[in-house]
Amino acid sequence: MDWGDTRKLSARTRARFGDRIALVDQERRWSYRELDERADRLAAGLRGLPIKRNDKVVVQLPNVAEFFAICFALFRLGAQPVLALPTHRRSEIVSFCEQTGAVAYIVPDIEGGFDYRQLAYEVQARCPALRHVIVLGEAEEFIPFASLYAVASSFPEPAADTVAFFQLSGGSTGTPKLIPRTHDDYLYSVRASAELCRLGADSVCLTVLPVAHNFPLSSPGSLGILHAGGRVVLARHPSPDVAFPLIEREAVTLTALVPPLALLWMEAVEHRREDLSSLRLLQVGGAKFSAEAAKRVTPKLGCRLQQVFGMAEGLVNYTRLDDPDELIINTQGRPLSADDEIRVVDDEDKDVPPGAVGHLLTRGPYTIRGYYKTAAHNARAFTVDGFYRTGDRVRLTDEGYLIVEGRAKDQINRGGEKIAAEEVENHLLAHPDIHDAAVVAMPDEHLGERSCAFLIFRRKAVMPERALREFLRQSGLASYKIPDLFQAVSAFPLTAAGKTSKRQLRELAAEYANHTASRQAS
């Protein structure tokens, strides 16, 4: 499939939509024409540095219009952006630069109180190949972003099957791995997602998640909206204080959230006065959305829910807009493409019976064949016949929909009894005083593992453990699945992508377990 190619996405939509507004960034409003012209001029300026075909450029920008202009400019050159998230710091950025031999690094000056120029000094000192640091804002000794705009010129077209850019793996177990996405595989996903979600020129998408993340970028995300000729509204922060006024002002029709944000929005809407009636679709993805929470979306926010379960490595699953409520609430959708192949297997890669829980494997037209320069890891992450091991545990319904039971490492083995963290979390979230729940394993000398439930309560209504245990018993949960420890917290630690960090919670649970063991020993 021809990407059009990537560099032509803005040019093609410019020809179709011209002076229609493409991007809204606070008080700035860029038309399709202006976005395309800026990309052309930036490409000319980047070439003058020089940055050339196949050069790697780490792009670490917040939700600003310039993110799109610089990415389209790099696509025109055939250079390859490495899409870092705003929360990445020295360890990750140095790793990205070292892995790719990046020649340039693009950052804001100060964002969220953090000075990215100081980070750039530290990264450049450790990465000798990094010749150019480009700063959006006050550049100090670095290259001002605004100085890159030059007289536009023509560029040769890159081949559709070459790498367009690099995304990042979830990074929940260490430094994120690099995911090479090609022009044709990525636009295949964008176009199909836009069609599935019925996007058109009247679609207005609010982007509150980090714009570089795969979910808000392509599922169908900002690129899907630009492909359809709609309008992308960029928010610097996902809080209701920022997002709700933008929904009202811009008549936003859809947006995408991770589960913790969806919970926050549903709670906040009761105390807000903004008119959210334009919102037709709320997508929730990035992590499992519990059925108890999914039930509340339409009554609370007045819009349709779409569950999205996907990965930057490729496969994306959606509930469909005309699916019955039962499927939308209780499943994470089915594959985007008829050519997506999925298998659900046991620990020995043997297919499990229909409806049984197993490991999800996939391959298809837009799923990668390997991470960048990680041959040893690829040997473990892919089967010999090319299926990607997603690390997710799922079961398949009769309708071909997936129900996510959690990550493989989220399964708790309590003295030989297997406990799915997602199941216990779902029971806890059914309680009206519990805002969010995360269940993880903690080490135990006798059982191997025990379970710890971290809870965020509503209105500081912290419940005693005895009441929590009784509630779970009354809900029908097996006694061995009731958490051994309950811990109230004000917030969960997050990964760079804004998901709950189960890794950090497991570390915290291990500290509690060690402290308890030491106290008992003394």
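# Cavities, cores and strands

Visitor: Which element gives the most to the lining of the largest cavity?
Guide: The model here is predicted. The lining includes F67, F68, C71, F72 and F75. Residues 65-77 make up the helix in question. With five residues, the top contributor is helix 3.

Visitor: How many residues of that lining, in the largest cavity, are nonpolar?
Guide: Beyond the helix 3 residues, the lining takes in L83, F165, L217 and L223. None of the lining residues is polar, and none is charged. The nonpolar count is nine.

Visitor: What space lies in the largest cavity?
Guide: The structure holds two cavities of 30 Å³ or more. The second largest has a volume of about 40 Å³. For the largest, the figure is about 80 Å³.

Visitor: Which element supplies the largest share of the lining of the second largest cavity?
Guide: This lining includes C205, L206, T207, F215 and P216. Two elements, strand 12 (204-207) and helix 7 (214-218), each supply at least two of its residues. The largest share is three residues, and it comes from strand 12.

Visitor: How many residues of the lining of the second largest cavity are polar?
Guide: T207, S219, G221 and Q283 are among the residues lining this cavity. Seven lining residues are nonpolar and no residue is charged. The polar count is four.

Visitor: Which residues have the most contacts inside the largest nonpolar core?
Guide: This core has 119 residues. Its largest share, eleven residues, comes from helix 3. Apart from it lies another core of 24 residues, among them A102 and Y116. In the largest core, the residues with the most contacts are F67, F68, I70 and L206.

Visitor: Which residues does I70 touch, not counting residues up to four places away in sequence?
Guide: I70 is one of the residues with the most contacts in the largest core. Sequence neighbours up to four places away are set aside. The remaining partners are L42, L46, V59, L61, I106 and F145.

Visitor: What space lies in the second largest pocket, and which residues are closest to its centre?
Guide: The volume is about 850 Å³. In all, 34 residues line this pocket. The closest to the centre are H237, P238, L261, L494 and G498.

Visitor: Which element gives the most to the lining of the second largest pocket?
Guide: Strand 25 (434-444), strand 26 (448-457) and helix 10 (259-268) give two or more residues each. The lining as a whole has 20 nonpolar, nine polar and five charged residues. The top contributor gives four residues, and it is helix 10.

Visitor: Which are the edge strands of the nine-strand open sheet?
Guide: The order is 2-1-13-12-14-15-16-17-18, with mixed pairing. An edge strand pairs on one side only. That picks out strand 2 (28-31) and strand 18 (334-335).

Visitor: What is the bridge partner of L254 in strand 15?
Guide: Strand 14 (residues 254-257) and strand 15 (residues 281-285) run parallel. Four bridges join them. In strand 15, the partner of L254 is L281.

Visitor: How many residues of strand 22 are buried?
Guide: Strand 22 covers residues 402-407. Buried means under 20% relative accessible area. The strand is largely enclosed by the rest of the structure, because its buried residues, out of six, number five.

Visitor: Which residue takes a positive phi in the hairpin of strand 21 and strand 22?
Guide: Strand 21 (residues 388-396) pairs with strand 22 in the antiparallel sense over five bridges. One bridge links R395 with I403. Five residues lie between the strands, and the one with phi near 85° is G400.

Visitor: What is omega for the cis peptide bond that joins S219 and P220?
Guide: Most peptide bonds are trans. The bond from L49 to P50 is cis, with omega near 10°. P220 sits in the loop between helix 7 and helix 8 (221-228). For the bond from S219 to P220, omega is about -10°.

Visitor: Is K373 buried or exposed?
Guide: K373 has a positive phi of about 55°, although it is not a glycine. Its place is the loop between strand 20 (358-363) and helix 14 (375-381). Exposed means over 50% relative accessible area. At 62% relative accessibility, K373 is exposed.

Terms used:
Residues are numbered from 1 along each chain as its sequence is written. This is a predicted model: local features need pLDDT of at least 70, side-chain atom pairs count only at pLDDT 80 or more; totals for chains, interfaces and linings use all residues. Side-chain values use heavy atoms; hydrogens and water are left out. On a 1 Å grid over the protein atoms alone, a cavity is a set of points where a 1.4 Å probe fits but cannot get out, and a pocket is an open set with protein on both sides within 12 Å along at least five of seven lines; lining residues have an atom within 4 Å of a point. Grid points are joined across faces, edges and corners, and a volume is the space filled by probe spheres set on the points. Ala, Val, Leu, Ile, Met, Phe, Trp, Tyr, Cys and Pro count as nonpolar, Asp, Glu, Lys and Arg as charged, and the others, Gly among them, as polar. Buried means under 20% relative accessible area, exposed over 50%, partly exposed in between (1.4 Å probe, protein chains only). Two strands pair if DSSP finds at least two bridges between them. A nonpolar core is a set of buried Ala, Val, Leu, Ile, Met, Phe, Trp, Tyr and Cys residues joined through side-chain atoms within 4.5 Å. Contact means heavy atoms within 4.5 Å.
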